[in-house]
Each structure stands twice: as C-alpha cells, then as structure tokens.
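Reader: Could you walk me through this one slowly? I am new to reading structures, and I would like to ask things as they come up.

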Amino acid sequence: MTEAQPAAPDGINERVRAWVEFELGVTGRILEVVTAPADVLGTDGAEVDATDPEIVQLAADLIATMRVSPGCVGLAAQQVGVAARVFCVDVSEHPKTRDHHGTFALCNAEVVDSSRNEKAREGCMSVPDFTGDVKRPSRLVVRGQLPGTGETVVLRANAFEARALQHEIDHTRGFLFLDRVAGAHAIHPRKTYL
Amino acid sequence: MTLHAITVLGHDRPGIIAETTEALAGLGLNIEDSTMTLLRGHFAMMLICSGEATGAAVSEALRPLTGDGSLDVSVREVPVEEAKATEGTSWVLTVHGGDRPGIVSTITGVVASAGGNITDLTTRLAGDLYLLIAEVDLPRDGDVAAIRSTVAAAADGLGVRVTWHEAEADEL
C-alpha cells in the first residue's frame, strides 16, 4: 500500500510559508557556486533522505549561499557541486513575484501539475554570460520534502515563484535553462556595463 | 526586379545599419529578409534586398562604408528561392559543454546524415562554455527516437550535453 500523499491546499501552503531555516538547527556555510560547463550541472541528482544530517547541512549551506549572492532567488545542490535533489528558493523580494512562500528548501521535489505557459528571460549564477527566453508553466503544483523534519509538503506556486521552482527542479535533474530555450535566437549575451 | 544578397561585416560602431540602409533606400531597394547581430564584437549584417538597381550600383552606393577599412561589404545577385514547406516535425536542439574543436561539425553532420534540415543555428562561446542552439526540421517519415539517440551518442563522444524539445507554435 502506498503512503497517502497530502493534497495541495488552495493558495499558499501555510506550513511552507512558516518554514524558516532556523528549523534546520545548523549554521549554513557559504559555498562556491560552480559554472557551466562543470559536469555536475549536467548530472541527475540522487534522491536524498531529507532527515540525513548531511542533507540538512547542505540545505542550510544552499540558503546561506543564496543569501549572500546578489539577486539570487534560488540555488540547487548541483550549483555547489553536489548531484543531489535539494534546492532552496526565496522570491519574496523579486518584483515579478505574486504569491510566494518566502524562504524554503525542498528535497526530491517534483512537479505534479502545471498549466498556463508563459515565456520569460532567465539567467542563472551557473551560466553567468547568457540569458535565455524560456517558456514555462506559470501555475504549478510541486511536491517535495522539507529538509530536517522530512515531512512531505505539496504547494501551489504561480508567476515568478513557479518559474523559480521549475528552474531549480531542473537543476536537480541535471538541466540548465540552456536546455529549455525557445530557439536559435532565444539566447542572449548578458549585457555588461562599464 | 533583381535580388541582391548583401553582407556587411566588421568593427562595431553606432550607425552601421543606418548608413547601410540609407544607401540601399537611395537606390529604391527593399530590404526583405535580414539578420543583423554582434558576433564577438564584430557587427554582422546579412540582407536579401530586391529592386531594379544593378549589383555594380549597389556596390558603389555602399563603397563609403569601406572607406576606413573597418568594414567589409559584399554584394551578390541571387535567384528567387521559393520557401519550402516542411512536412516533418520542428525541433529545438541545444548542445552545451566544454569548448573543443569539432562540436558543430560533428553534431550537424549527424543531423544531416539523418535527413534533418537545420533552418537556424546560433553558437556562442563564453569562457570554456560552448553553446549551440539549432532549429531542426526532421523528416516526417524519420525515426525521431533513432535520430535523437544517434545525436546523443555523438554528443557523448564529444563530452557535451544535448537536449531536444519540439518547437511549439501556438495557433491563435
């Protein structure tokens, strides 16, 4: 018999919204972010035990590294050199955000439902020289486990949070936004201003 | 009516498009399809223009662009080509990985051998990251799964990653 999965609440999942990294009980370390063409970025992440102390530390490290990286709204394990299905996001300060769940990390996350494709231009700390136009669903249901307690949560995300979640889940499966760009003219050198 | 294939290529600066197209407009030429972009700091224009002017007249009108030696211009008369309708499926192919010789030739060679027609292709190099994005029409009777696995095997041999997704057009 399979374990019953919780249903996604309408609107914000209050458990995820209330989650804070202090629940992890460890101090996050700031790690170096790896850039393409590092092999780890193309490696499918291993399923993890969300209660494993190493995974809890990894989640704390990802959040700490995200926090000190200007403009960073999410970071996946592959980006710090670990091929594992763990990431964190926090889109709360981004102008394109509508609803959001604040800062949270998820393990073994998967998209269980999606709709309403929208195209937008994405960048990535691991691909610092390019941006790309990527079409992704703007409404999403995601299931994963919170690191630490390991409890399974299901949440609905929309707009920019939905895009960030798909970008990070892609990382955990070894995909970059480069793998999703809409066509030969959908990749853009990142502008640099002197 | 004559069709001219015109290229302008060289050191980027403000005004290249304005000066080129002003000269073409002065001859009554119509710019049909064109692409103009920066390639590693070089500005590159490719245009198909139609009109009554001769190739010699177009070259003469564009001669001032080449005056300081920073731009190369070519003008060539080309026949009218009918756009071919594709009966197959359209795909976006992304290849990325560490830079090395042979990525473009190997991948496009495999695609061509399978009867795939590349209709657009961009490559970019940044640091050690090499990126190729191609739009590919695959034949209707082609075995898409077999073509994809052949390209994947070639990419493995090069140590690069390859992803396919079907090009979507939302009919409204």
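Reader: To start with, which residue stands opposite T7(B) in strand 4 of chain B?

Author: This is a predicted model, and in it T7(B) stands opposite S74(B) in strand 4 of chain B. That pair belongs to the antiparallel pairing of strand 1 with strand 4 (residues 71–78) of chain B, which runs over eight bridges.

Reader: What other pairing does strand 1 of chain B make, and over how many bridges?

Author: Strand 1 (residues 2–11) of chain B also pairs with strand 3 (residues 42–51) of chain B, again in the antiparallel sense, over ten bridges. Within that pairing, H4(B) has C49(B) as its bridge partner in strand 3 of chain B.

Reader: How is chain B divided into domains?

Author: The domain assignment gives domain 1 for residues 2–78 of chain B and domain 2 for residues 89–166. Taken over C-alpha atoms, the centres of these two domains of chain B are separated by 31 Å.

Reader: And in what order do the strands of the 6-to-8 part of chain B lie in their sheet?

Author: Four strands of chain B form an open sheet in the order 6-7-5-8, with antiparallel pairing. Strand 6 (117–126) and strand 8 (160–166) of chain B have a single partner strand each, so they stand at the edges and one side of each is left without a neighbour in the sheet. From one strand to the next, the twist averages 15°.

Reader: How many bridges join strand 5 and strand 7 of chain B?

Author: Strand 5 (residues 89–98) and strand 7 (residues 129–138) of chain B are joined in the antiparallel sense over ten bridges, and one of the partnerships to look for is G98(B) with L129(B) in strand 7 of chain B.

Reader: Which strands does helix 3 of chain B lie across?

Author: Helix 3 (residues 103–113) of chain B lies across strands 5, 6, 7 and 8 of chain B, and runs at about 15° to strand 7 of chain B. Helix 4 (residues 144–158) of chain B lies across strand 5, strand 7 and strand 8 of chain B, and its angle to strand 8 of chain B is about 160°.

Reader: Changing topic, how many residues does each chain bring to the contact?

Author: Chain A contributes 14 residues to the contact and chain B contributes 20 residues. On the side of chain A that touches chain B, strand 4 (127–145) and strand 6 (187–189) of chain A each supply at least two residues. The residues on that side of chain A are nine nonpolar, three polar and two charged.

Reader: What is in the largest nonpolar core?

Author: The largest nonpolar core has 42 residues, and those with the most contacts inside it include A59(A), L62(A) and C88(A). Helix 2 of chain A gives the most to this core, with eight residues. A second, separate core of 34 residues includes V181(A), V136(B), A154(B) and A155(B).

Reader: Is A109(A) buried or exposed?

Author: A109(A), which is found in strand 3 of chain A, counts as buried because it has 24 C-beta neighbours inside 10 Å, where 20 or more are needed. Leaving aside its neighbours within four places in sequence, A109(A) is in contact with several residues, among them R85(A), V142(A) and I169(A).

Reader: How far is A109(A) from P137(A) in space?

Author: From C-alpha to C-alpha, A109(A) and P137(A) are 16 Å apart in space, and they are 28 residues apart in sequence.

Definitions and conventions
Residues numbered from 1 in each chain as written. Chains lettered and ligands numbered in written order. Predicted model: local features only at pLDDT ≥ 70, side-chain atom pairs only at ≥ 80, totals over all residues. Pairing = 2+ DSSP bridges. Axes fitted to C-alpha atoms, helices over the stretch in contact; angles between N-to-C directions. Contact = placed C-beta atoms within 7 Å. Nonpolar A, V, L, I, M, F, W, Y, C, P; charged D, E, K, R; others polar. Domains from an automatic or database assignment. Core = buried A, V, L, I, M, F, W, Y, C linked by C-beta atoms within 7 Å. Buried ≥ 20, exposed ≤ 12 C-beta atoms within 10 Å, placed from the backbone.
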